[in-house]
Amino acid sequence: MSKVTLRVSALCVQHDRVLLIEHKSFAPDDPALPDRYWILPGGGVERGETVDEALKREMMEETGLECEVGPLLFIKELLYPFPGSCRPGGRHHSVSLGFHCPVTGGELITGRDPEYGDDEQMIIEVKWVPFDELHGFELYPPFLKEYLFAHRNGSFSDTVPEFYDSSR
């Protein structure tokens with residue numbers, strides 16, 4: 001079995017909009033999952049890289065934007081296949097740390113994953129999505145839409161980190 005991957009993600013809220021990436025499914029052959037969905041910018045932490053460095057690098061690669069890394073908001077564990085199925089975590093096991101990340105510069109682009117070739121890219125589109133339009137978007141992980149609306153006012157300085165497991 002492969003190792004557990006440490007991932008980071010950035011929750012960027014600006015002018016009543018949230019920064020999201022339309023992404024191809026990590027399990028396209030699973031009919032229970034959508035072919036594509038919208039996620040927060042982020043990715044894996046590389047060996048020897050701090051969490052802050054990883055988050056800033058992922059933001060630049062995926063969105064063209066610079067950010068500062070704010071408080072930890074949530075911890076999300078993902079096992080795939082999911083708990084309760086045959087060989088839970090046999091294909092994927094990651095722990096993702098979600099941070100509030102105010103944007104400090106750069107220019108919005110639809111970036112790319114450097115670990116994939118041009119014909120294998122997972123990123124489809126990057127955009128600022130108004131909160132009023134979020135209901136029409138398929139967000140992942142499943143808790144994300146509810147979490148965003150609960151924190152719509154953008155005040156994250158006194159937020160207590162929350163834990164979400166593979167069932168949410």
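In this predicted model, the count of disulfides comes to 0. Cys 67 takes part in no disulfide, and the nearest cysteine sulfur to its own, that of Cys 101, lies 4.3 Å away. Seen from the other side, Cys 101 is likewise in no disulfide, its nearest cysteine sulfur being that of Cys 67, at 4.3 Å. Because a disulfide requires a pair of cysteine sulfur atoms within 2.5 Å, the separation of 4.3 Å between Cys 67 and Cys 101 does not qualify. Cys 67 has a relative accessibility of 8% and counts as buried, and Cys 101, at 0% relative accessibility, counts as buried too.

Cys 101 appears again in the surroundings of Val 69. This valine is placed in the loop between β6 (65–67) and β7 (72–80). When neighbours within four places in sequence are left aside, Val 69 is in contact with Asp 52, Leu 55 and Lys 56, and also with Phe 99, His 100 and Cys 101. For one of these partners, Lys 56, the distance to Val 69 from C-alpha to C-alpha is 7.7 Å, while the two residues stand 13 residues apart in sequence.

The aromatic side chains are the next topic. The structure holds 9 aromatic pairs, and two of them are set out below.

| Pair | Centre to centre | Angle between planes | Class |
|---|---|---|---|
| Trp 38 and Phe 137 | 5.0 Å | 70° | edge-to-face |
| Tyr 147 and Tyr 164 | 6.4 Å | 85° | edge-to-face |

The pair of Trp 38 and Phe 137 links distant parts of the chain, since Trp 38 belongs to strand β4 (residues 36–39) and Phe 137 to the loop between β10 (123–130) and α2 (144–150), with their positions 99 residues apart in sequence. Trp 38 counts as buried at 8% relative accessibility, and Phe 137 is buried with a relative accessible area of 12%.

In the second pair, the ring centres of Tyr 147 and Tyr 164 are 6.4 Å apart and the planes stand at 85°, which is why the pair is classed as edge-to-face. This pair also links distant parts of the chain, with Tyr 147 in helix α2 and Tyr 164 in strand β11 (residues 162–164), 17 residues apart. Both Tyr 147 and Tyr 164 are buried. These two tyrosines also belong to a cluster in which ring pairs link Phe 74, Phe 143, Tyr 147 and Tyr 164.

Key: Residues are numbered from 1 along each chain as its sequence is written. This is a predicted model: local features need pLDDT of at least 70, side-chain atom pairs count only at pLDDT 80 or more; totals for chains, interfaces and linings use all residues. Side-chain values use heavy atoms; hydrogens and water are left out. Buried means under 20% relative accessible area, exposed over 50%, partly exposed in between (1.4 Å probe, protein chains only). Helices (H or I, at least four residues) and strands (E, at least two) are DSSP runs, numbered from the N terminus. Contact means heavy atoms within 4.5 Å. Rings of Phe, Tyr and Trp (its six-membered ring) pair if their centres lie within 6.5 Å; planes under 30 degrees apart count as stacked, over 60 as edge-to-face and the rest as tilted.
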